[in-house]
Amino acid sequence: MTEGDERIDAYVGAHLQGWFDELGRLCAVPSVSARHEGVDECAELVAGLLRSRGFEAEVQATEGHPVVLADAGGSASHRTLLFYNHYDVQPPEPLELWESPPFALTQRDGALFARGSKDDKGEFMARLAALDAVHAVDGGYPCRIKFLVEGEEEVGSPHLPEWVARHADRLKVDGAVWEEGGIDADGHPFIRLGARGLVYVELSVQTLSRDAHSGQANLLPNANWRLVWALATLKDQQEKELVPGFYDDVRPTSRRFDELLATLPSDEEAVQEVFGIDRLLLGRTGGQVPRAPFDPTCNIAGMGGGYQGPGSKTVIPARASAKVDFRLVPDQDPQDILAKLRRHLDSKGFADVEIEDLGSERPGVVDPDAPLVLLAARTAEEVYGLPARVYPLMGGTTPMYLFTEQGVPVIAPGVGYHDNRAHSPNEHVRIEDFERAARHIARVVRRFGAGEAG
């Protein structure tokens, strides 16, 4: 550890409360993108936090929610590092399961609880904390720094690709720091090298002009049954997708990825404990667990139709709908999967089932031997005291592909651990994880500016 690193660590440790206060302001804005709530206010707040740190920040309109683009110069002006974050959050429901108000940052048991405290407002603040420390210790930033903070990540970033294409000349960077990251169940820092793609659709069917009395159930078609039968054609009980051609473009894992996967532990016991189960799906165990993200999935995220209130109501539902997401792996293409899904439903006699595309993203992967990846691993071990583990692909989706397809190396250090409860009630970030993430990111920034990442 250098003297500069020691001063960075001391600065971070001494200034946590100020960053938590700022995080509290962010979390107080209910920027739920699925409901278009609070997004304009939160975008302006993000821009203000960046401007207070010397960034030139713009809130730019899109066809959907605003994007914040910010830029600050540094001593190595020929090198540019981009930070990607998002200010939108998931809905807080079910509200009755929260132990404290979801939009009031609450500290207890060594953690900060609120919707967005981890995903992704806590991640954003940890990056600002790292940059504050670097600026205070070194008198400025070591390279040019950019921020891209969007407001539609939680709904599939539908307008970001067009926005990125329009601003390509302002997004030429040498490396990117993405959201997510943290430590695994054993306390090792992890580095994820890519993200799965996504097709998110709403399937809906209308069988009657209005709900009917269930005494006519032998005469009138039931929308719920119609949709259930259509859904049953998508996947079998062994979790295999049944849409013809679904797996045609799946890229086999490379030898290098196989080598990395062979070094990874199975977190099955931790996952089982968190979710209260005694076995994983399909009995996956051992080395099958870290390989699971390379299997594409079909998931029913929600269903609705008919009467679901208290007591009974004997009706034949006229309309039913289901939200379904497909997680894709390299080299599956969302538009190809959408077309195959339509053909499949038509061929099975479900031409009346409508498909609405709610968000599609391509997968993205990163070279595990890129200098920025190696730098992230070295500096992580310095901070966490354990070797970093490199995961070739994360299970979730983020628009990383917009940069990886341009050859930009992407890393994702962060504040996470295996039970942050992101997207669930009682989402939180542990204070220790926030502090260590800031220290790690500060080291990455300083050494990237010094040219250690190529």
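Modeller: Before we start, one term: buried means under 20% relative accessible area, exposed means over 50%, and partly exposed is anything in between. Also keep in mind that this is a predicted model.

Colleague: Okay, let me try that out. Does arginine 421 count as buried, exposed or partly exposed?

Modeller: Let's find it first: arginine 421 sits in the loop between β19 (410-411) and β20 (428-430). Its relative accessibility is 40%. The cut-offs are 20% and 50%, so at 40% arginine 421 counts as partly exposed.

Colleague: And what is the phi of arginine 421, given that it is not a glycine?

Modeller: Here's the background: most residues other than glycine have a negative phi. Arginine 421 is not a glycine, yet its phi is positive, at about 60°.

Colleague: Which way does serine 157 go, buried or exposed?

Modeller: Serine 157 is in the loop between β6 and α5 (160-166). Like many a loop puzzle, there's a twist: serine 157 has a positive phi of about 50° although it isn't a glycine. Its relative accessibility is 2%, and the limit for buried is under 20%, so serine 157 counts as buried.

Colleague: Let's talk about strand β6 (residues 143-150). Why is β6 largely enclosed by the rest of the structure?

Modeller: Just look at how its residues are placed. Strand β6 has 8 residues. It is largely enclosed because, of those 8 residues, 7 are buried.

Colleague: How does strand β2 (residues 67-72) run relative to β6, parallel or antiparallel?

Modeller: Strands of a sheet pair through backbone hydrogen bonds, and both directions can occur. Between β2 and β6 there are 5 bridges. One of the places to look is alanine 72, whose bridge partner in β6 is isoleucine 145. The direction of β2 and β6 is antiparallel.

Colleague: And which way do strand β3 (residues 76-86) and β6 run, parallel or antiparallel?

Modeller: β3 and β6 are joined by 8 bridges. For a spot to check, asparagine 85 stands opposite valine 149 in β6. β3 and β6 run parallel.

Colleague: Next, peptide bonds. Is the bond from glutamate 93 to proline 94 cis or trans?

Modeller: Most peptide bonds are trans. Proline 94 lies in the loop between β3 and β4 (106-108). With omega near 5°, the bond from glutamate 93 to proline 94 is cis.

Colleague: What is omega for the cis bond from aspartate 119 to aspartate 120?

Modeller: Aspartate 120 is in the loop between β5 (111-113) and α4 (121-138). The bond leading into it from aspartate 119 is cis, with omega near 10°.

Colleague: In the open sheet of 3 strands, what is the strand order?

Modeller: The pairing in this sheet is antiparallel. β4 and β20 stand at the edges with a single partner strand each, so one side of each has no neighbour in the sheet. Neighbouring strands here are turned by 25° against each other on average, direction ignored. Put together, the order is β4-β5-β20.

Colleague: Which residue in β5 is the bridge partner of arginine 108?

Modeller: Start with the strands: β4 and β5 run antiparallel and are joined by 3 bridges. For arginine 108, the partner in β5 is alanine 111.

Colleague: Which helix packs on the sheet?

Modeller: The helix we want touches β4, β5 and β20. Its direction makes about 70° with that of β20. The helix is α13 (residues 431-449).

Colleague: Now for empty space. Which strand gives the largest share of the lining of the largest cavity?

Modeller: The structure holds 2 cavities of 30 Å³ or more, and the largest has a volume of about 50 Å³. Its lining includes Phe190, Ile191 and Tyr384. By class, that lining has 6 nonpolar, 3 polar and no charged residues. The largest share, 3 residues, comes from β9.

Colleague: How many charged residues are in the lining of the second largest pocket?

Modeller: This pocket has about 160 Å³ of space. Arg421 is back again, and among the other lining residues are Glu99, Arg108 and Asp109. Besides 3 nonpolar and 2 polar residues, the number of charged ones is 6.

Note on methods. Residues are numbered from 1 along each chain as its sequence is written. This is a predicted model: local features need pLDDT of at least 70, side-chain atom pairs count only at pLDDT 80 or more; totals for chains, interfaces and linings use all residues. Side-chain values use heavy atoms; hydrogens and water are left out. Buried means under 20% relative accessible area, exposed over 50%, partly exposed in between (1.4 Å probe, protein chains only). Helices (H or I, at least four residues) and strands (E, at least two) are DSSP runs, numbered from the N terminus. Two strands pair if DSSP finds at least two bridges between them. On a 1 Å grid over the protein atoms alone, a cavity is a set of points where a 1.4 Å probe fits but cannot get out, and a pocket is an open set with protein on both sides within 12 Å along at least five of seven lines; lining residues have an atom within 4 Å of a point. Grid points are joined across faces, edges and corners, and a volume is the space filled by probe spheres set on the points. Ala, Val, Leu, Ile, Met, Phe, Trp, Tyr, Cys and Pro count as nonpolar, Asp, Glu, Lys and Arg as charged, and the others, Gly among them, as polar. Axes are lines fitted to C-alpha atoms, for helices over the stretch in contact, and angles run from 0 to 180 degrees between N-to-C directions. Contact means heavy atoms within 4.5 Å.
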